[in-house]
Number of protein chains: 2
Amino acid sequence: MSGLMDKRKAAILRAVVDEYVQSAEPVGSSYLARVSGIQVSSATIRNDMNLLEHEGYLTQPHTSAGRIPTDKGYRYYVDTFVNEVDESDVMQFKSVEEFFTKAHGALAEMFSDTSRLLTNMTNYAAVVTGPSPETILIRSVQLVSLDPKRVLLLMVDSKGAVEKKILELASDVSESDLEQVSNMLTQKLRGFPLGSPLCKPESIGNPDLDQLCVLVLDNLKKFQGETEAVYIEGASKVANAFDAVDTVRRVLATLEQHFLVVSLIRDVLSKGQKVAIGTELGIEPLAECSVVVSPYVVEGEQLGSIGLVGPTRMNYPKVLAAVNLVSTGLGKRLSEG
Amino acid sequence: MSGLMDKRKAAILRAVVDEYVQSAEPVGSSYLARVSGIQVSSATIRNDMNLLEHEGYLTQPHTSAGRIPTDKGYRYYVDTFVNEVDESDVMQFKSVEEFFTKAHGALAEMFSDTSRLLTNMTNYAAVVTGPSPETILIRSVQLVSLDPKRVLLLMVDSKGAVEKKILELASDVSESDLEQVSNMLTQKLRGFPLGSPLCKPESIGNPDLDQLCVLVLDNLKKFQGETEAVYIEGASKVANAFDAVDTVRRVLATLEQHFLVVSLIRDVLSKGQKVAIGTELGIEPLAECSVVVSPYVVEGEQLGSIGLVGPTRMNYPKVLAAVNLVSTGLGKRLSEG
DNA sequence: GCTGGCACTCGATAGAATAGAGTGCTAATA
DNA sequence: TATTAGCACTCTATTCTATCGAGTGCCAGC
């Protein structure tokens, strides 16, 4: 009946998560009664576990197994038990300061070193993004006909970088139409940051051309991710985190789509979250993953962000501590140099 | 008795490799008698397979299974049957030219795009290395004491880049000794290319210091790989190529050690080889992998190289064609711009 | 030198039996 | 009313056995 989370149930949920994160085995009631500090019998724990299951926090792999946390369970755990940074978690990473005092070299090198640092600290895959494309403005949009059904989309940004993409069209579009659309889009979009939600221009009247416009806008959005420098390290850690080889394959293939990872991180941050869990990510191949993110701040301005991708069954306190530590470290370091 | 490879045995070996590369299943004699063009009975094939096994070209996973090629078998196959580039293999990659005519952007972008191209063409992991460190000269070597047993090794190169590494010492070394060794090494090595086989300086007399020198030289060699820009793409392809998750883990972890990959490629090229197979690589975690490499030539000079890492069970003709095509394409492209 | 024939090997698959971890429920208890 | 002990029950994991069949090595005959 009640969705109420009394103290004991919360403690049990917490114990299940802690235990499962460590062992990867479903957690049984009698085991908890023995080792967790909860001073009730296994039968009582069993009852509470039953409730927790019906409320959606726990689940059973099969009838006669222990419980494992659901995404909702992890969510409650994260929201309730890892609100603030625990000093004891920070302690194990005393090397971070040392890293940032010694770190040097070009920005790119700094980012990729940071990414490597983070993946080595946590044993999960790490993502570091460079300055966000809010600061990058669209200068020009051009469509070049390759053959009747294929068009090359070119975008030049305010830093002179050129992004390109070949578009496959459903129907033929004439050269003059392409020119018209190119001019219209350039006029409409010039000076707008690539990161801004690109407004849809009013209809032109010709449905084929309207469709083309939508296609172009979609692809410009993808450039958003591509223009942004992004450093992803720790592929081998992904292979450690899962034991089904096709999960590994799925996750790695997804991480290789940098624009997807970047917009994922952006999405999480824009909701004011630090953690996104499993299906919350909204990316099917990452259903078994969680993401922990943090922006880094340079001279008061939020320049970019760092993130971490691991299994939902991850050590959240440790990872959150690591991500926080590294993001502040990186921010400070960049403010100096 | 005879290590002779008559025509039929060679044809059988070839058929086994072709079949196994495609199916990943051990190949049996009766299957070959049916589908390969070899016009003898399965019993005859069986005899030859037996010989091929005793000569080390084939092996059996277990007594009552078909044969699979050994590294030696692949080696014979590659040396005998894929000497020259087959036009039919090249045909399937007609998009390569298009890629290089359209490719643009900074050198770094060029390399990473090329790496991605290669991994997508072949479905194996691709490596592209930038200009070799033969052109990078050592300017200075410094040892800085951190604490009695740990020393920071700094190397400055002719381009002003700084490489660093913390060394763990077996025994204490005094500050003045460190200074002496630093000066000696700088004097000895200044102006030498990082890529050259660093000659061992004569003994100093103090065994501890000699040991330190060796340690420093070893680590300078590692900088060789680190200073070199290297672009490795296709982690998810590794997960496709093997179905044992810990093989995937091992291979990915090895590929993350860029200096190892770079020196591996260098080794293969320095032997004048294009292909290295399995244990030939001399790297235990890559025992199930083969590497196909090719240098790319810009204005008559060999600037860097591209490589491909896949399972020994790889499609050698196709991969060789792809690597050749991409390396010449990249060379041409870089000569222009 | 090649081939048909055949006994043999050994993994892969399926079925049956067993053990045991863990559950849900009920009746007793504080 | 909340907790607990007890117990029947469920279901996986493991082990064992039997069987199947692909593929081999060898031999005798062509």
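This is a conversation about a predicted model of two protein chains and two DNA strands.

Colleague: What makes the relation of chain B to chain A a two-fold axis?

Modeller: Look at the superposition. Chain B is laid on chain A by a turn of 180° and a shift of 0.1 Å along the axis. The RMSD is 0.3 Å. That is the relation of a two-fold axis.

Colleague: Which residue of chain B comes closest to the rotation axis?

Modeller: Val245(B), with its C-alpha at 2.6 Å.

Colleague: How do you know that the same surface serves both copies?

Modeller: Compare the contact residues. Of those in chain B, 100% recur in chain A.

Colleague: How many residues of each chain are in contact with the other?

Modeller: 13 residues of chain B are in contact with 13 residues of chain A. Helix 10 (235-241) and helix 11 (245-255) of chain B each supply at least two residues of the side that touches chain A. Helix 11 of chain B gives the most, with five residues. By class, that side of chain B has seven nonpolar, three polar and three charged residues.

Colleague: Now the DNA. Which residues are closest to DNA strand C?

Modeller: 20 residues surround DNA strand C. The closest are Gly28(A), Val40(B), Thr44(B), Thr63(B) and Ser64(B). Three elements give two or more residues each: helix 2 (29-35) and helix 3 (42-54) of chain A, and helix 3 (42-54) of chain B. Helix 3 of chain A provides the largest share, four residues.

Colleague: And which come nearest to DNA strand D?

Modeller: Val40(A), Thr44(A), Thr63(A), Ser64(A) and Gly28(B), out of 21 residues around DNA strand D. Here the elements with two or more residues are helix 3 of chain A with helix 2 (29-35) and helix 3 of chain B. The largest share is five residues, from helix 3 of chain B.

Colleague: How do the residues near each strand divide by class?

Modeller: Near DNA strand C there are six nonpolar, 12 polar and two charged residues. Near DNA strand D there are six nonpolar, 12 polar and three charged.

Colleague: How do you know that the length of helix 1 of chain B agrees with its number of residues?

Modeller: Set the expected span against the model. Helix 1 of chain B covers residues 7-23, which is 17 residues. At 1.5 Å a residue they should span 24 Å. The end C-alpha atoms are 24 Å apart, so the two values agree.

Colleague: Which residues of helix 1 of chain B are buried, and what do they pack against?

Modeller: The buried ones are Ile12(B), Leu13(B), Val16(B), Val17(B), Glu19(B) and Tyr20(B). They pack against helix 2, helix 3, strand 1 (58-59), strand 2 (68-69) and helix 4 (71-81) of chain B. Just after helix 1 of chain B, Ala24(B) takes a positive phi of about 65°.

Colleague: How does helix 12 of chain B fare in the span test?

Modeller: Helix 12 of chain B has 13 residues, 258-270. They should span 18 Å, and the end C-alpha atoms are 18 Å apart, so this agrees. Its buried residues are Val261(B), Val262(B), Leu264(B), Ile265(B), Arg266(B) and Val268(B). Just after helix 12 of chain B comes Gly272(B), with a positive phi of about 75°.

Colleague: Which residues touch the most other members of the largest nonpolar core?

Modeller: Val291(A) and Val291(B), in a core of 140 residues. Leaving out residues up to four places away in sequence, Val291(B) touches Leu264(B), Val268(B), Ala276(B), Leu281(B), Gly307(B), Leu308(B) and Val309(B). Of these, Leu264(B) and Val268(B) are also among the buried residues of helix 12 of chain B.

Colleague: Why is Glu299(A) called exposed?

Modeller: Count the neighbours. Exposed means 12 or fewer other C-beta atoms within 10 Å. Glu299(A) has 8, so it is exposed. It lies in the loop between strand 9 (289-298) and strand 10 (301-311) of chain A. Glu299(A) has a positive phi of about 50° although it is not a glycine.

Colleague: What makes Glu299(B) count as exposed?

Modeller: Glu299(B) has 8 C-beta neighbours inside 10 Å, so it counts as exposed. Its place is in the loop between strand 9 (289-298) and strand 10 (301-311) of chain B. Glu299(B) has a positive phi of about 50° and is not a glycine.

Colleague: How many helices and strands does chain A have?

Modeller: Chain A has 13 helices and 10 strands. Of its 337 residues, 39% are buried.

Methods
Residues are numbered from 1 along each chain as its sequence is written. Chains are lettered from A and ligands numbered from 1 in the order in which they are written. This is a predicted model: local features need pLDDT of at least 70, side-chain atom pairs count only at pLDDT 80 or more; totals for chains, interfaces and linings use all residues. A residue is near a molecule or strand if its C-beta atom, placed from the backbone, lies within 6 Å of it. Ala, Val, Leu, Ile, Met, Phe, Trp, Tyr, Cys and Pro count as nonpolar, Asp, Glu, Lys and Arg as charged, and the others, Gly among them, as polar. Two residues are in contact if their C-beta atoms, placed from the backbone, lie within 7 Å. The expected span of a helix is 1.5 Å times one less than its number of residues. A residue is buried if 20 or more other C-beta atoms lie within 10 Å of its own, exposed if 12 or fewer, and partly exposed in between; C-beta atoms are placed from the backbone. A nonpolar core is a set of buried Ala, Val, Leu, Ile, Met, Phe, Trp, Tyr and Cys residues joined through C-beta atoms within 7 Å. Copies are superposed by least squares on the C-alpha atoms of residues with pLDDT of at least 70 in both.
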